[in-house]
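Trainee: I should like to examine one part of this structure closely. Could you please take me through how its helices pack against one another, and then through what lies on the surface beside them?

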Amino acid sequence: MDKKNSRVKRKTAEAPMTIKKLAASYKRTAFAGTLVALAILGDSFLYAALPVHYREVGISLIMVGWLLSLNRWVRLFTNAAAGWLGSRLGWNTVFTAALWLAAITTLGYGHTKSVLILLLLRGQWGLCWSLLRLGGQAAVLIESSPGRRASYMGVFTGIYRLGSLVGMVVGGYLADRVGFRIATFWLSIATALGAIIGSLPPAVAGRWGAPAKDEGASYNSFRAATGWIPKGREEWAVCICAVSLYLVTSGIVTSTVGLLVTTRLGDRIALGSLVLGAGALSGLLLSMRWVIDFLLGPLLGWHADRWGRFLVLATSYSVIIMMLLLLSKAHGFLVIALALVALFCSGTACAVTLDGWAGDIAGRTPGRFLPVYATWIDAGAAVGPLMGYYLSEIYSLAYGYLASACFISIGGAICWTLSRDSQK
């Protein structure tokens, strides 16, 4: 009876949304995603170019690892600050400021040889990404209704992940052709263009989506924004599910693709008449993740809204576990590639579903729960690479994937138990 009533309420809530209004809201969501895509060009560029051009930058290879991971650790603290700033100053204000900060940060990467300044720039990017992600999600919450949030999150995520793909591919190409410094200059121009567009009156006035301030923001919302501990079983369920997902997919698997290719396929891989190095093939396999986010994110989000989040999460988690078990033994290129594609597709389905679920909990006050949710995501993404390489070094790569299957199984079981109890 309760399920029937909830369906009736959902249909009643969605009835006033005409096709014209629906198209306009999706358009504004896509606009927010495009601005974020332009802002993350520089960050994604570093992941492709810095390991190759580190001598040109004047740093050691060890420092490359620190620079690429520092922003994730910084975000464990800046997400709370971003949530509070958005609640107090307005999400449009902090989002627009972050766009300009991203342009300055990208330009700075190529115009200093000081390790200290580079570390400060990566820390600055950590704050910048916290503001961009939460500001963009605030726009999605305003544009979407509870029954459609996963599909809106899919559109937003898919479009800004296109920026990751362009930053890695185009930025890496520019670095090889014209050098690291000039490449960062052109990428910063593109990012500044997004900041200019985002600062134009229609965006400043809030017509692209994000609210001026959180509705009902108060001291209680301030306390919620500055904490990382979830409140209530449902919030715990979402956060545990998120940390286990990102620990495995964005952390362990993504960081060990290069090691997987080298140990299982060798330094040079023949694909028909084409011969690729391990680095090039690793980049190609990793880029599939951003392509999947862009092409399938909106569709997977729509299916999550249509079928229900628990069915999508249970199915996707099961596929991820099976693919991890397969990767622990796989040696052929085709098997590895197909397993990674299936894993990335399932990871995207889980991510947009969890984003929609977190949005439903947050309601129309993004500063209330989204900073907590983002912190748990970043914790998993930050710990994952360290854990992946530790397990691979101490034991073996196969053991690392088997352990990942155990981690995500435990996370999924805890999430299911807590969410079931919260509905009683």
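Mentor: Please bear in mind that this is a predicted model. Let us begin with helix 13, which spans residues 309-327, and helix 14, which spans residues 333-362. These two helices pack at an angle of about 150°, and their axes are 9 Å apart. Two packed helices are described by exactly these kinds of value, the angle between their axes and the distance between the axes. Angles over 145 degrees count as roughly antiparallel, and helix 13 and helix 14 are therefore roughly antiparallel to each other. Their crossing is left-handed.

A second pair may be read in the same manner. Helix 7 and helix 8 pack with their axes 7 Å apart, at an angle of about 140°. Helix 7 and helix 8 are therefore oblique to each other. The crossing of helix 7 past helix 8 is right-handed.

This second pair also leads us to the surface. Leu 107, Val 178, Ile 182, Phe 185, Trp 186 and Ile 189 make a nonpolar surface patch of about 520 Å². Helix 8, which covers residues 180-199, supplies the largest share of that patch, namely four residues. Val 178, another member of the patch, belongs instead to helix 7, which runs over residues 149-178. Residues in such a patch must have over 30% relative accessible area. Val 178 has a relative accessible area of 39%, and Val 178 is therefore described as partly exposed.

How values were computed
Residues numbered from 1 in each chain as written. Predicted model: local features only at pLDDT ≥ 70, side-chain atom pairs only at ≥ 80, totals over all residues. Heavy atoms only, no water. Patch = residues over 30% accessible without salt bridge, like charges linked within 9 Å, V, L, I, M, F, W, Y side chains within 5 Å. Areas by Shrake-Rupley, 256 points an atom, 1.4 Å probe, with all protein chains shown as cover. Salt bridge = Lys/Arg side-chain N within 4 Å of Asp/Glu carboxyl O. Buried < 20%, exposed > 50% of the residue type's maximum accessible area, 1.4 Å probe, protein only. Axes fitted to C-alpha atoms, helices over the stretch in contact; angles between N-to-C directions. Parallel < 35°, antiparallel > 145°, perpendicular 65-115°, else oblique. Left-handed = near helix turned anticlockwise from the far one by under 90°.
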